[in-house]
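Here are some notes to read with the structure open beside you. Take the points one at a time and find each residue as you go.

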Amino acid sequence: MSIIAESVRLTGPTLRALILERLGQIKCGRYAVISIPGLWLAVFFFIPFLVVFKISLAETAIAIPPYTSLFEFDLEEALLEISINLGNYRYLFEDDFYLAAYLNSAKIAAISTFFTLLIGFPMAYLIARSHGTTRTLLLSLVILPFWTSFLLRVYAWMGILQKNGIVNDFLMSIGLIDTPLTILQTDIAVYIGIVYTYLPFMVLPLYTALEKLDGALLEAAQDLGCKPAQTFFLITLPLSLPGVVAGCLLVFIPAVGEFVIPALLGGSDTLMIGRVLWDEFFLSRDWPMASAVATVMLIVLVLPIMLIRNNAEKQGEAA
Amino acid sequence: MKRRSTFLNVSAGMGFVFLYAPIIALIIYSFNKSKLVTVWGGWSLKWYAELFKNDQIIDAALVSVKIAVISATLAVVLGTLAGFVLTRFGRFRGKMILSGWTTAPLVMPEVITGLSLLLLFVAMEGMFGWPSGRGTGTVIIAHTTFCLAYVAVIVQSRLVSLDETLEEAAMDLGARPASLFFLVTLPLIAPALVSGWLLSFTLSLDDLVIASFVSGPGDSTLPMVIFSKVRLGVSPEVNALATLMILTVAVGVIAAVFQMRRQHRSKEIQE
């Protein structure tokens, strides 16, 4: 029995791998092929992080480039001096400003993700329940903004939310308010911007999950006396959970590090870590500090997200 | 049942309105005669004329298109290799690392990618003298790196869903690995390559953050010019530019949908 199972397992990719390995000259080519994308990513994706970490341990200097070097080698005295400056990290943890920025980014991203889910779910549900041309049309309506410029879609809200913009004009013309509201340059505008730009990222995975939902289950629940709300919370929501998780991650992850939306729609007091890093680099020209902010961001925000993602993927494969 | 579907239609409808209202407002206001962007002064094509007279925007647009074409092409080549290696090569040393490096750019905040690449370029220039200064070349390298990840994901999912028997048959008939790849696999995954290229092109054309870090003083890309123009407030020329870009994309997407439906239908007829 086990021999049969073994031989069955040997077909397909494994068998091919065996054939390939037998031809020594091809094995060489195999590693040549692997090394092309591998080397590119090593040089332009992995090594840059080591450089960032190295520079986060340097000091700012009035020089080009504007930081001190970690290693000084004196050839005459054969002396290697290594100077590591942990001051940037100490400053990062002592100054409440940075902690507040990290926490505030997570808060803004979490709240926006929740509202994206709230708005995206009915849309995904409607698309999943529709058929034929309507479905194609609605799906392309969701995908279309995805292909248009992100920067311009954020910019579009500036004209709508500003003091004498469309929203204020409308509210004043129907007599709801007397003086224009300040929406632009507040956190509310940032929430609107994030929900708006990342809505397609939420709708598409939700749609994929809801499309697979078996209509017979919903009918069965109804036949057994479930009210629509009950059916939704007992059947639809649990079964679409993978889509909910995927959609929330796709919105939350880029929202945390967002720069453009708080820069264009937020006020000067809208604290987000992506913006702090940008200002540290472009305004203060403090490269070592910007590197320290990036290193902490990588460890605190990106690594956990990657672990969650890997975990979710493994679970998805197992299921 | 009836009440629920009304609720669903209304809430989903509001979602679609939310998605399109800003775009429609932007398009309408691009035809506004008045210089005050929020005061309606009648219909006019004035800002389109201004747009084409603005050399700064035109030059930046040309730079951006050039960068986008080159980096999308490089990203498709490298991303296809990465996706192919990860799905078809079985196990090999370093597979986990390659797979991690390929997907990580998808979750990396742009500010980190931009900063880290800039610091790399500066360090490399100090050590080897290359790249000397920053400009379109460094932007192309940066864009290729993050677009590569998207292409690899698209190619991987296409390869996983692909029927392996065709490739196996070709091998049984004695095709060597290179000809197997170019004659069988590549034509089969061609649609994935096209969508990967288009996605990379769009991502590159749209990128502000990474380009701001790694480009040189003389090589502003289109998003960089737009950002510096709108940072202080709404600009009617940018409205006109946005309308042109949105309409181009809309035509492209509608054409793609029709093409897909036609293929779908002809397949149905064949069956």
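1. Let's start with a word we'll keep using: two residues are in contact when heavy atoms of theirs come within 4.5 Å. Keep in mind that this is a predicted model. In chain A, look at the contacts with a separation of 6 or more: 67% of them join residues 24 or more positions apart.

2. Now the overall make-up of that chain. Chain A has 15 helices and two strands. Out of its 319 residues, 46% count as buried.

3. Next, how do the two chains meet? Chain B puts 83 residues into the contact, and chain A puts in 89. The size of an interface is often given as the accessible area lost when the parts come together. Here the area buried between chain B and chain A is about 8,000 Å², and carbon and sulfur atoms give 80% of that. On the chain B side, B:F18, B:W101 and B:V107 supply 9% of the area this chain buries against chain A, more than any other three residues.

4. What about charges and polar groups between the chains? The rule finds zero salt bridges across the interface of chain B and chain A. There are, however, seven residue pairs in polar contact between the two chains, counting pairs with both residues at pLDDT 80 or more. As for where chain B touches chain A, helix α1 (residues 2-29) of chain B gives the most to that side, with 15 residues.

5. Then have a look at the largest nonpolar core. It holds 166 residues, and the members touching the most others are A:Y102, A:L277, B:F213 and B:V214. Helix α9 (residues 187-211) of chain A brings the largest share, 13 residues. Domain 1 (2-56) and domain 2 (95-285) of chain A each put at least three residues into this core.

6. B:F213 is a good one to click on. Setting aside neighbours within four places in sequence, B:F213 is in contact with A:L277, A:W278, A:F281 and A:F282 from chain A, and with B:V111, B:G114, B:L115 and B:L118 from chain B.

7. Which salt bridges are worth finding? Over all chains, the count comes to seven. One of them pairs A:R90 with A:E94, with the closest N and O atoms 3.9 Å apart. Both sit in helix α4 (residues 87-94) of chain A, four residues apart, or about one turn of the helix. A:R90 and A:E94 are both exposed.

8. Chain B has a pair to set beside that one: B:E50 and B:K53 form a salt bridge, with the closest N and O atoms 4.0 Å apart. They are three residues apart in helix α2 (residues 46-53) of chain B, so about one helical turn separates them. B:E50 is partly exposed at 30% relative accessibility, while B:K53 is exposed at 60%.

9. The next salt bridge joins B:R88 and B:E167, at 2.8 Å from N to O. B:R88 lies in helix α3 (residues 55-88) and B:E167 in helix α7 (residues 165-172), both of chain B, so the pair ties together parts 79 residues apart in sequence. B:R88 and B:E167 are both buried. Add B:E164 and you have a network of salt bridges linking B:R88, B:E164 and B:E167.

10. Last, two backbone oddities to check. A:Q185, in the loop between α8 (166-173) and α9 of chain A, has a phi near 65 degrees, a positive value in a residue other than glycine. A:R285, in the loop between α14 (273-282) and α15 (287-318) of chain A, has a positive phi as well, near 50 degrees.

Conventions
Residues are numbered from 1 along each chain as its sequence is written. Chains are lettered from A and ligands numbered from 1 in the order in which they are written. This is a predicted model: local features need pLDDT of at least 70, side-chain atom pairs count only at pLDDT 80 or more; totals for chains, interfaces and linings use all residues. Side-chain values use heavy atoms; hydrogens and water are left out. A nonpolar core is a set of buried Ala, Val, Leu, Ile, Met, Phe, Trp, Tyr and Cys residues joined through side-chain atoms within 4.5 Å. Buried means under 20% relative accessible area, exposed over 50%, partly exposed in between (1.4 Å probe, protein chains only). Domain bounds come from an automatic or database domain assignment. Buried area is the accessible area (1.4 Å probe) that two parts lose on being put together, summed over both. A salt bridge is a side-chain nitrogen of Lys or Arg within 4 Å of a carboxyl oxygen of Asp or Glu. A polar contact is a pair of N or O atoms within 3.5 Å; within protein, one must be able to donate a hydrogen and the other to accept it, and residues adjacent in sequence count only if both atoms are side-chain atoms.
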